[in-house]
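Hi there,

Here is the structure I promised to send over. Have a look at it first, and then read on for what turned up when I went through it.

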Amino acid sequence: MLLSAARQALLDLIDPKMRGILWKVLGLSLLCLVALWFAIRSLFLWLAFPFLANLFPTMPEWTGWITFVLLIFAAVGLALGIALLMAPVSAFVAGIFLDDAAEHIERLHYPDDPPGTALPVFTAMREALKFLGIVILGNILALLLLLVPGVNLVAFFLVNGYLLGREFFEFAAMRFMGPEAARAFRRERGLTVFLAGLIVAGFVAIPIVNLATPLFATAFMVHLFKRMRENAVV
């Protein structure tokens, strides 16, 4: 069930409609990252640059290269920070389009089933913010655990597998049932959902490709939910 659902989700990513949503997500994410770049850069120049420029006011002129080197390190740090934000920002932006993606998957593969109901706008925004927070928290925890020998990579998959599996499965389920029922349905099938989350975490671990994680995970969990529900009915 898991592998067939994941395989179908991968094939769904090349569907024209899904590609269109992906381009929207990437375009808006890029705009957000550019805006963040200029905002952080302006804040740095306003607060930190004067401090660095006057760091050695009584030292000889030749020590000015130290300030220059510090500025270079700051620029590199800013670039790395923006790079690390790529996945969380794209995840937040994608949250706005997840209902469109889920609806398309349902119509494409399950035309005879009753369609799901899109989340209300404010609920969708809340879920997008919630997911953004979970992605950031999960990766912070994983990065901290990277410092623990023998745990690092395993911790990354366990933390992200649990969080991503839970959130995306509940999102798919909430299109067909209330929040409490969706959570109960997920808890009843906790092991399967966790294993599905590990597959999503594997997708996250691939640089650049991981920008499509929200759309892949949405399609994956829609397929998984549909198959679980069919088995439950049978």
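Alanine 196 sits in helix H7, in what is a predicted model. With a relative accessibility of 0%, alanine 196 counts as buried, since the cut-off for that is under 20%. Leaving aside residues up to four places away in sequence, alanine 196 touches Leu2, Phe220, Met221 and Leu224. Alanine 5 is 191 residues away from alanine 196 along the chain, yet their C-alpha atoms are separated by 9.4 Å.

The helix around alanine 196 can be checked with a little arithmetic. H7 runs over residues 190–204, and its 15 residues should span 21 Å at 1.5 Å a residue; the C-alpha atoms at its ends are 20 Å apart, which agrees. Which residues of H7 are buried? They are Val193, Ala196, Gly197, Val200, Ala201, Phe203 and Val204. Looking down the axis of H7, these buried residues fall within an arc of 155°, so they line one face of the helix. The general rule behind such a pattern is that an α-helix has 3.6 residues a turn, so residues three or four places apart point the same way.

Helix H6 can be read in a similar way. Its buried residues are Ala182, Phe185 and Arg186. They cover an arc of only 100° around the axis, which puts them on the same side of H6. The exposed residues Glu180, Arg187 and Glu188 are carried on the face of H6 turned away from that buried side.

Now to the charged pairs. Side chains of opposite charge can pair when their charged atoms come close. A search of the whole structure finds 9 salt bridges, and here are some that you may like to look up.

- Glutamate 106 and arginine 175 meet through their side chains in a salt bridge, at 2.7 Å from N to O. This pair links distant parts of the chain, 69 residues apart: glutamate 106 is in helix H3 (residues 64–109), while arginine 175 is in the loop between helix H5 (152–174) and helix H6 (179–188). Both glutamate 106 and arginine 175 are buried.
- Arginine 183 forms a salt bridge with glutamate 180, with the closest N and O atoms 3.1 Å apart. These two are 3 residues apart in helix H6, so about one helical turn separates them. Arginine 183 is partly exposed, at a relative accessible area of 24%, whereas glutamate 180 counts as exposed at 56% relative accessibility.
- Arginine 189 forms a salt bridge with glutamate 188, and here the closest N and O atoms are 2.8 Å apart. Glutamate 188 is exposed, with a relative accessible area of 60%.

There is also a network of salt bridges, which links Glu170, Glu180, Arg183 and Arg186.

Another charged residue to look at is lysine 226, in helix H8 (residues 213–233). Is lysine 226 buried or exposed? At 8% relative accessibility, lysine 226 counts as buried, because that value is under the 20% cut-off. Apart from residues up to four places away in sequence, lysine 226 touches Glu106, Tyr110, Asp113, Pro114 and Phe176. One of these contacts, aspartate 113, lies 113 residues away along the chain, and the C-alpha atoms of aspartate 113 and lysine 226 are separated by 9.5 Å. Glu106, also on that contact list, is the glutamate that forms the salt bridge with arginine 175.

On the outside, Leu30, Val34 and Phe38 make a nonpolar surface patch of about 290 Å². Valine 34 is found in helix H2 (residues 16–53) and is partly exposed, with a relative accessible area of 39%.

Finally, the overall picture. The protein has 8 helices and 0 strands, and its pattern along the sequence reads α-α-α-α-α-α-α-α. It has 234 residues, of which 40% count as buried. Among contacts between residues at least 6 apart in sequence, 79% join residues at least 24 apart. The accessible surface of the protein comes to about 13100 Å², and 74% of that belongs to carbon and sulfur atoms.

Best wishes

Terms used
Residues are numbered from 1 along each chain as its sequence is written. This is a predicted model: local features need pLDDT of at least 70, side-chain atom pairs count only at pLDDT 80 or more; totals for chains, interfaces and linings use all residues. Side-chain values use heavy atoms; hydrogens and water are left out. Helices (H or I, at least four residues) and strands (E, at least two) are DSSP runs, numbered from the N terminus. The expected span of a helix is 1.5 Å times one less than its number of residues. Buried means under 20% relative accessible area, exposed over 50%, partly exposed in between (1.4 Å probe, protein chains only). The arc is that of the directions from the helix axis to the C-beta atoms. Patches are made of residues with over 30% relative accessible area and no salt bridge: like charges are joined within 9 Å, nonpolar side chains (Val, Leu, Ile, Met, Phe, Trp, Tyr) within 5 Å. Accessible areas come from the Shrake-Rupley method with a 1.4 Å probe; for residues, only the protein chains shown count as cover. A salt bridge is a side-chain nitrogen of Lys or Arg within 4 Å of a carboxyl oxygen of Asp or Glu. Contact means heavy atoms within 4.5 Å.
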